[in-house]
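Please open the model in a viewer with the backbone drawn as a cartoon. The stops below are arranged so that each selection leads on to the next.

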Amino acid sequence: MNKAIFLDRDGVLNSDTNGYPHKPEHLSLAKNAREGMKLLSNLGFKMFIVTNQSGVGLGIYSREDFRNFTNALLKEIGDVDDVFACFHAKEDECECRKPSPKMLHDAARKHNVELGKSYVIGDQDRDIQMGKYAGCITVFVSSGAFGTEKSTGRSADYIASDLRDAAEWIAENETKKPE
Ligand SMILES: [Mg+2]
Ligand SMILES: [Zn+2]
């Protein structure tokens with residue numbers, strides 16, 4: 001079975017300053033995102049993006065905008081194995097929107113992932129909650145939405161200052177675990 005890193009997108013890989021980043025001009029990399037991705041890509045994990053994109057459900061932008069923005073981002077920081085997105089608005093009461101763990105379970109089924117040996121990295125408490133529901137190890141990145149009421153990081157296994165710090169902790173944590 002595979003081990004995976006599930007990355008939140010906005011606030012972890014790219015900055016989330018304008019609320020719904022979706023245009024080329026909104027793309028600015030999060031602090032140390034490129035360095036973090038480089039470290040993570042050497043650890044032997046499958047890499048996935050798992051993201052809520054309610055801006056689509058709200059009619060603010062299209063799925064094509066989402067794809068174009070994500071592809072432009074990945075060109076900057078390195079590719080991932082797959083991208084999972086919830087396009088619903090909160091009001092849709094769908095099954096996939098974080099903190100639901102459905103996207104993790106879908107990814108695990110599709111890519112043969114052992115969730116208990118996998119990590120979720122996010123900048124909001126709903127990312128951490130999703131990871132906990134699925135039995136993953138959770139890392140909170142405080143350079144994202146930290147400080148707002150939806151983002152305390154308090155229940156995460158580790159609070160990282162940015163993606164590079166998260167990657168370094170994961171590398172360290174992996175060396176401690178018996179196979
Ligand atoms: Mg985020
Ligand atoms: Zn959804």
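The tour begins with the sheet, continues through its central strands and the helices beside them, and ends with backbone details in the loops. The coordinates are those of a predicted model.

**The sheet**

Select the six strands together. They form an open sheet with parallel pairing, in the order 3-2-1-4-5-6. Strand 3 (82-86) and strand 6 (158-160) each have a single partner strand, so these two stand at the edges with one side lacking a neighbour in the sheet. With direction ignored, neighbouring strands are turned by 20° against each other on average.

At the strand 3 edge, add strand 2 (residues 46-52), which runs parallel to strand 3 and is joined to it by five bridges. Show the side chains of Val50 and Phe84 here: Val50 stands opposite Phe84 in strand 3.

**Strand 4 and its two partners**

Next select strand 4 (residues 119-122). Which of its residues lie on each side? Tyr119 and Ile121 are on one side, Val120 and Gly122 are on the other, and all are buried, leaving both faces of the strand covered. The pattern agrees with a general rule: in a regular strand the side chains alternate between the two faces of the sheet.

Add strand 1 (residues 4-7), which pairs with strand 4 in the parallel sense over three bridges. Within this pairing, Val120 of strand 4 is the bridge partner of Phe6.

Now turn to strand 5 (residues 137-141), which is parallel to strand 4 and linked to it by four bridges. Val120 has Thr138 as its bridge partner in strand 5, and Gly122 stands opposite Phe140. Why is strand 5 described as largely enclosed by the rest of the structure? Five of its five residues are buried, so the description follows from burial along the strand. Ile137, Val139 and Val141 point one way, while Thr138 and Phe140 point the other way.

**Helix 5 across the sheet**

Select helix 5 (residues 125-133). This helix lies across strand 4 and strand 5, and its direction is at about 170° to that of strand 4. Colour Asp125, Asp127, Ile128, Met130 and Gly131, which are buried. The elements covering the buried residues of helix 5 include helix 4, strand 4 and strand 5.

Centre the view on Gly131. Is this residue buried or exposed? Gly131 has 30 other C-beta atoms within 10 Å, and the cut-off for burial is 20 or more, so Gly131 is buried. Apart from residues up to four places away in sequence, Gly131 touches Val120, Cys136 and Thr138. A distance label from Gly131 to Ala156 should read 9.1 Å, C-alpha to C-alpha, for two residues 25 apart in sequence.

Continue past the end of helix 5 to Gly135, which has a positive phi near 80°.

**Helix 4 and Ala107**

Move to helix 4 (residues 102-111) and select Ala107. Ala107 counts as buried, with 25 C-beta neighbours inside 10 Å. Once neighbours within four places in sequence are set aside, the contacts of Ala107 are Ala4, Phe48, Asp82, Phe84 and Val113. Between Ala107 and Phe6 the C-alpha separation is 9.3 Å, although their positions lie 101 residues apart along the chain.

**Helix 1 against helix 6**

Select helix 1 (residues 33-41) and helix 6 (residues 163-176), whose axes are 7 Å apart and meet at an angle of about 20°. That angle makes the two helices roughly parallel. Helix 1 passes helix 6 in a left-handed crossing. To display the contact, show Ala33, Glu35, Gly36, Met37, Leu39 and Leu40 from helix 1, together with Leu163, Arg164, Ala166, Ala167, Glu168, Ile170 and Ala171 from helix 6. These residues comprise nine nonpolar, one polar and three charged.

**Backbone details in the loops**

Three loop positions complete the tour. Select Asn32, in the loop between strand 1 and helix 1. Asn32 is not a glycine, yet its phi is positive, at about 60°. Asn32 is buried, with 20 other C-beta atoms within 10 Å.

Then select Asn112, in the loop between helix 4 and strand 4. Asn112 also has a positive phi, of about 55°, without being a glycine. Asn112 is exposed, with 11 other C-beta atoms within 10 Å.

Finally, select Pro99, in the loop between strand 3 and helix 4. The peptide bond from Lys98 to Pro99 is cis, with omega near 15°.

Notes. Residues numbered from 1 in each chain as written. Chains lettered and ligands numbered in written order. Predicted model: local features only at pLDDT ≥ 70, side-chain atom pairs only at ≥ 80, totals over all residues. Axes fitted to C-alpha atoms, helices over the stretch in contact; angles between N-to-C directions. Parallel < 35°, antiparallel > 145°, perpendicular 65-115°, else oblique. Left-handed = near helix turned anticlockwise from the far one by under 90°. Contact = placed C-beta atoms within 7 Å. Nonpolar A, V, L, I, M, F, W, Y, C, P; charged D, E, K, R; others polar. Buried ≥ 20, exposed ≤ 12 C-beta atoms within 10 Å, placed from the backbone. Pairing = 2+ DSSP bridges.
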